[in-house]
Protein chains: 2
Amino acid sequence: MARTSRVESFRDLCERRGLAVTHQRQVIFETLTAMHGHPSPEAVYDLVKERIPSISLATVYKNLKTFEEHGLVQEVSPHHGSARFETNSAPHHHLVCLRCKAIVDVPADDIGPVRLRKRAPAGFRIQRYSVEMHGLCGDCAQQVES
Amino acid sequence: MARTSRVESFRDLCERRGLAVTHQRQVIFETLTAMHGHPSPEAVYDLVKERIPSISLATVYKNLKTFEEHGLVQEVSPHHGSARFETNSAPHHHLVCLRCKAIVDVPADDIGPVRLRKRAPAGFRIQRYSVEMHGLCGDCAQQVES
DNA sequence: GACAGTTTGATAGTAGTTATCGAATAATAG
DNA sequence: CTATTATTCGATAACTACTATCAAACTGTC
């Protein structure tokens, strides 16, 4: 059954990575995958608390981070810790280093045109867009290798 | 001279918008445009402080926000206030409402393929990318109109 | 220069997130 | 199954980024 196999694969995943399979960890993971949206840590916490009232917010944060490090979930926008401003008004895209948070501009011409094939849903009015490429910059790639 | 005309156009811009042209505001703007990267408010503050040692961090924040509201600068990624996680592992893109911070997934198929025409600079290793479209969702667009 | 409106600086407050550490739980060896 | 070790948990203090408040200073206008 779907539920059973999902739980088992989660168990396997943890074992392969040397992660302890705790009740909290399982519930957080199940809750998160059942949410299908882009929930914040607080939102996850609120739902998990219904099943484990004694859970700590810190536990939710720690596990979300762990899941991300192991590729089970992604952060929607690698959050730069603080806001970043730019004055480059020419159309361009971004390379963002996930490790050192460096941002590099890529001229729009270096990437083919982006076009939406369908209408944007529910009257959404697009003001601007950019292609955000996430990865490791040269320096960080080297450091990770060693 | 380039410098003079830049200052004058800033003055005009403020006048047109009913913004007072203060010394602080000018220095913050000049500093920001001279930085050409993606500086954080703190980084701007540190540099501005060299010219106006008595400036307050709050003033820098307030002016950056004002500049953004008037389209003089952009925030690189509209910062969701809190982290957001997703488990959707299928390739997809995002619509982000600048007002209510809602995030809507757009299947990769709804957008033509994105391809980099040149090599990524300086050994950057791209792990994933997505097209981030910013604007107003249907609800917010309506509310702004009135 | 006087008046009204705007902005500034200092600082307190808030939200989101992380660090710390003893207690509890899970994995592992016997 | 029990003992040992490693990991994780919960509570909470601490930290970072940011915003609100408000009197004093400044800007634009008459």
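Me: What makes a residue count as near a DNA strand?
Reply: A residue is near a strand if its C-beta atom, placed from the backbone, lies within 6 Å of it. In this predicted model, 27 residues surround DNA strand C, and the closest are B:Ala20, B:Gln24, B:Ser56, B:Thr59 and B:Ala83. Residues are numbered from 1 along each chain as its sequence is written, while chains are lettered from A and ligands numbered from 1 in the order in which they are written. Because the model is predicted, local features need pLDDT of at least 70 and side-chain atom pairs count only at pLDDT 80 or more, whereas totals for chains, interfaces and linings use all residues.

Me: What makes up the surface near DNA strand C, by class?
Reply: It has 12 nonpolar, 11 polar and four charged residues. Ala, Val, Leu, Ile, Met, Phe, Trp, Tyr, Cys and Pro count as nonpolar, Asp, Glu, Lys and Arg as charged, and the others, Gly among them, as polar.

Me: How do you know how chains A and B are related?
Reply: A rotation of 179 degrees with 0.0 Å of shift along its axis superposes chain A on chain B, with an RMSD of 0.3 Å. The fit is by least squares on the C-alpha atoms of residues with pLDDT of at least 70 in both copies. The two copies are therefore related as by a two-fold rotation axis. In chain A, the C-alpha of A:Val131 is nearest the axis, 2.1 Å from it.

Me: What makes residues of chains A and B count as in contact, and how many do?
Reply: Two residues are in contact if their C-beta atoms, placed from the backbone, lie within 7 Å. By that test, 52 residues of chain A are in contact with 53 residues of chain B. Strand E5 of chain A gives the most to the side that touches chain B, with 12 residues. Strands here are DSSP runs (E, at least two residues) and helices likewise (H or I, at least four), numbered from the N terminus.

Me: Why is chain A called more spread out than a compact globule?
Reply: The globule rule is 2.2 Å times the number of residues to the power 0.38, and the radius of gyration is taken over C-alpha atoms. For 146 residues the rule gives 15 Å, but chain A has 19 Å, well over that value, so chain A is more spread out than a compact globule. Its C-alpha trace spans about 50 × 50 × 30 Å along its principal axes.
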